[in-house]
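Trainee: Could you take me on a close look at one part of this structure, the strand that keeps turning up in my notes, and then show me how its surroundings fit together?

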Amino acid sequence: MIEITLPRKTSIVVETPVLFAAGVAGYDGSPYRRLLSLDKFGALVTSPVTLKARAPASGPRVVPMTSGFLIHTGLPNRGIKRVIQEHQGSWKRSVLPIILHMAASTPEEAGSMARIADQCPELHGLEIGLQEQASIREVQEILRAIRQNCELPILVRLPLFDALELSEVAQRNGADALVVAAPPRGTEREPHAGRLIGGRVYGPWLKSLSLRVVGRVIQNANVPVIGTGGIHTPEDARDFLAAGAVAVQLDTIVWVNPRMAEIIARNLGGLELTRTAGALSDEWEPGLGQTQQMQRRGQPTNLPEVSEDGTQSSRFDPIDFED
Amino acid sequence: VENTGIIERIWQISPTLQRLEISVEPSLANLKAGQSVLALIQTNWNPYLREQWTPIEVEDGQLVVERPADDQLAPGQLVHMIGPVGQELPWIGGGNKHLLLIAYDTFPTSLLMLAHEAVRQTAEVALILLGTAAEYPFAGIPAAVEVMNGTEQGTWPNEASMITWADQIFIAAHPVFYLDHFTMLFHKMKAVRGHIPVNLLYGLFNLPMPCGVGACDACMVRCKTSDRYACLQGPALDLAEVQLI
């Protein structure tokens, strides 16, 4: 069991250090119920929710790029009250802890949403996505507003390029965990319309950028850090754990290759059934996961080590993340 | 569900188009008109997103799919597919019915399976090709379908009589300009018929779909009552319900 937020009365504990990132599996994972074994994952961060309902963006919303794509959805949702009403039942039945992702741009909005979310016993935590242009003062006020209105654990998802600066502010103002980092925003020309479209950009290339920032943030972090961004293989995910992250969030790999997403979850959860090519039958046993195999061979698994007093340690080398 | 198909046969129907026959597992062997799969051939992330393939025919556990001729494909190649995506087109069916199909600035590929089905049911089918759709090779269209070319502006001969003749109308449009085209054609048809009742005029929302299962919100369509996912409730949405421009 892995505690992914600060130990408090209501911390979040997961069985597998692989979570669904905000927006990739809907509000309750139901879009992937027939494609994935949801119980092999650690927790689910919902699609972004705002205080009031928002309509989908109009015009082109997806621009393919080399090894990735840009997406702009407009964060369509029915507003926090309706979302909770409509999904409370499925959250109650969910095999995964549910973390509500809030998109709020003012302290007032954030406070109101936190107050509403706090009354929903099916939620295990809140993740607040900080905007790229957010100032230190805005972040302070937003986090204070949430903390004052809510006892749920707060995960703060930091923008990639300001993560280092904002991580300190977030920790000082009540963050129970940091999520590093939100996919960056980009602008790309939609080839048919000829228009420039702004949105979040995704792809495997994001991993190296995000991993570096995770390594830097962890050097000064006093709260658990969850790594995310461009993870497409079990090795990618283990790199984040090696950098000291307690868990990872998977983003677009879930969309483009759900089977690989489950392999990553099973792999890091010690649940992947593997058999070396050419192995004799007595060298393999059903139920033996790759993590266990690596442990038996004395290889580093990169999973967080838990000491007898319950604290976790990481095995990253700070030099890898220096400029 | 996610499964793997094998390209069995490839043949070219025009200098720009080829057709593939793909053997698939039973879960995809019963695709209905309008339903599609999200296909992935390369695993080198280029292209990164799966491509939406709408079969033009399904026969004996095989999908017939149309692709650009310059796609580097070969028999024996594996195709990783998620599907079925979307619902069957809500064609009322039956002989003696009049079905009007319109493709505007997009090839009529997503309408062809419905055309085949309607012809089999002895319905009368007309296909109007507007804008760049007129470049589509006639060889790809069932012989019993009456085909007419229109203009880039979205006009065609005998418009009014064709619009009143139709019992149902399905429009496929370019995935970027779809809302403009749907809006223009909706108003044109409303002017002719006076009123557009539900279940008469459908637009096919074949929009880019990163996930195809209703998770990514990229294909959500704004409607008058509640917004709909093209990948779940589409691709055909009743234009009387859609929030047009």
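Mentor: Happy to. A cavity here is a set of grid points where a 1.4 Å probe fits but cannot get out. With that meaning, a search of the whole structure, which is a predicted model, finds one cavity of 30 Å³ or more. Its volume is about 60 Å³. Keep one of its lining residues in mind, Tyr202(A), since the part I would like to look at closely is strand 12 of chain A, residues 196–202.

Let us begin with the strand itself. Five of the seven residues in strand 12 of chain A are buried, so the strand counts as mostly covered, given that buried means under 20% relative accessible area. Strand 12 of chain A pairs with strand 11 (residues 185–189) of chain A in the antiparallel sense, over five bridges. Strand 6 (residues 68–71) of chain A also pairs with strand 12 of chain A in the antiparallel sense, here over three bridges.

Arg200(A) is a good residue to follow through these pairings. Arg185(A) stands opposite Arg200(A) in strand 12 of chain A, and Arg200(A) is also the bridge partner of Ile71(A). The hairpin that strand 11 of chain A makes with strand 12 of chain A has six residues between the strands. In that hairpin, Gly194(A) takes a positive phi near 75°.

Now for the open space beside the strand. The second largest pocket holds about 730 Å³. It is lined by 35 residues, and those closest to its centre are Pro48(A), Leu75(A), Ala103(A), Arg185(A) and Arg200(A). The facing residues Arg185(A) and Arg200(A) are thus both in that central group. Strand 12 of chain A gives the most to this lining, with three residues, and strand 7 (98–102) of chain A also supplies at least two. By class, the lining of the second largest pocket has 15 nonpolar, twelve polar and eight charged residues.

Back to Tyr202(A) and the cavity. Besides Tyr202(A), the lining of the largest cavity includes Ala21(A), Ala22(A), Val24(A), Arg157(A), Gln249(A) and Asp251(A). Sorted by class, that lining has seven nonpolar, three polar and two charged residues.

Tyr202(A) also belongs to an aromatic cluster, together with Phe69(A), Trp255(A), Trp45(B) and Tyr48(B). That cluster draws on residues of chain A and chain B. Over all chains, the count comes to eleven aromatic pairs. One of them is the stacked pair of Phe20(A) and Phe41(A), at 4.2 Å centre to centre with 20° between the planes. Phe20(A) lies in strand 3 (residues 18–20) of chain A and Phe41(A) in the loop between strand 3 and strand 4 (43–45) of chain A, so the pair ties together parts that are 21 residues apart in sequence. Phe20(A) is buried, with a relative accessible area of 0%, and Phe41(A) is buried too, at 2%.

For context, it helps to step out to the largest pocket, with about 1400 Å³ of space. Of the 44 residues that line the largest pocket, His192(A), Gln52(B), Arg67(B), Pro175(B) and Asn206(B) are the closest to its centre. Among the elements that give two or more residues to this lining are strand 5 (62–65) of chain A and helix 1 (109–120) of chain B. The largest share, four residues, comes from strand 6 of chain B. The lining of the largest pocket divides into 24 nonpolar, twelve polar and eight charged residues.

A few contacts elsewhere round out the picture. Glu21(B) lies in strand 2 (residues 17–23) of chain B and counts as buried at 17% relative accessibility. Glu21(B) and Glu66(B) are 45 residues apart in sequence, and their C-alpha atoms are 9.1 Å apart in space. In chain B as well, the charged end of Arg9(B) sits over the ring of Trp11(B), 4.3 Å from its centre. In chain A, Gly270(A) lies in the loop between helix 8 (258–268) and helix 9 (290–297) and is buried, with a relative accessible area of 13%. Gly270(A) and Lys40(A) are 230 residues apart in sequence but 9.9 Å apart in space, C-alpha to C-alpha.

How values were computed:
Residues are numbered from 1 along each chain as its sequence is written. Chains are lettered from A and ligands numbered from 1 in the order in which they are written. This is a predicted model: local features need pLDDT of at least 70, side-chain atom pairs count only at pLDDT 80 or more; totals for chains, interfaces and linings use all residues. Side-chain values use heavy atoms; hydrogens and water are left out. Rings of Phe, Tyr and Trp (its six-membered ring) pair if their centres lie within 6.5 Å; planes under 30 degrees apart count as stacked, over 60 as edge-to-face and the rest as tilted. Buried means under 20% relative accessible area, exposed over 50%, partly exposed in between (1.4 Å probe, protein chains only). A charge sits over a ring if NZ of Lys or CZ of Arg is within 6 Å of the ring centre and within 35 degrees of the ring normal. Two strands pair if DSSP finds at least two bridges between them. On a 1 Å grid over the protein atoms alone, a cavity is a set of points where a 1.4 Å probe fits but cannot get out, and a pocket is an open set with protein on both sides within 12 Å along at least five of seven lines; lining residues have an atom within 4 Å of a point. Grid points are joined across faces, edges and corners, and a volume is the space filled by probe spheres set on the points. Ala, Val, Leu, Ile, Met, Phe, Trp, Tyr, Cys and Pro count as nonpolar, Asp, Glu, Lys and Arg as charged, and the others, Gly among them, as polar.
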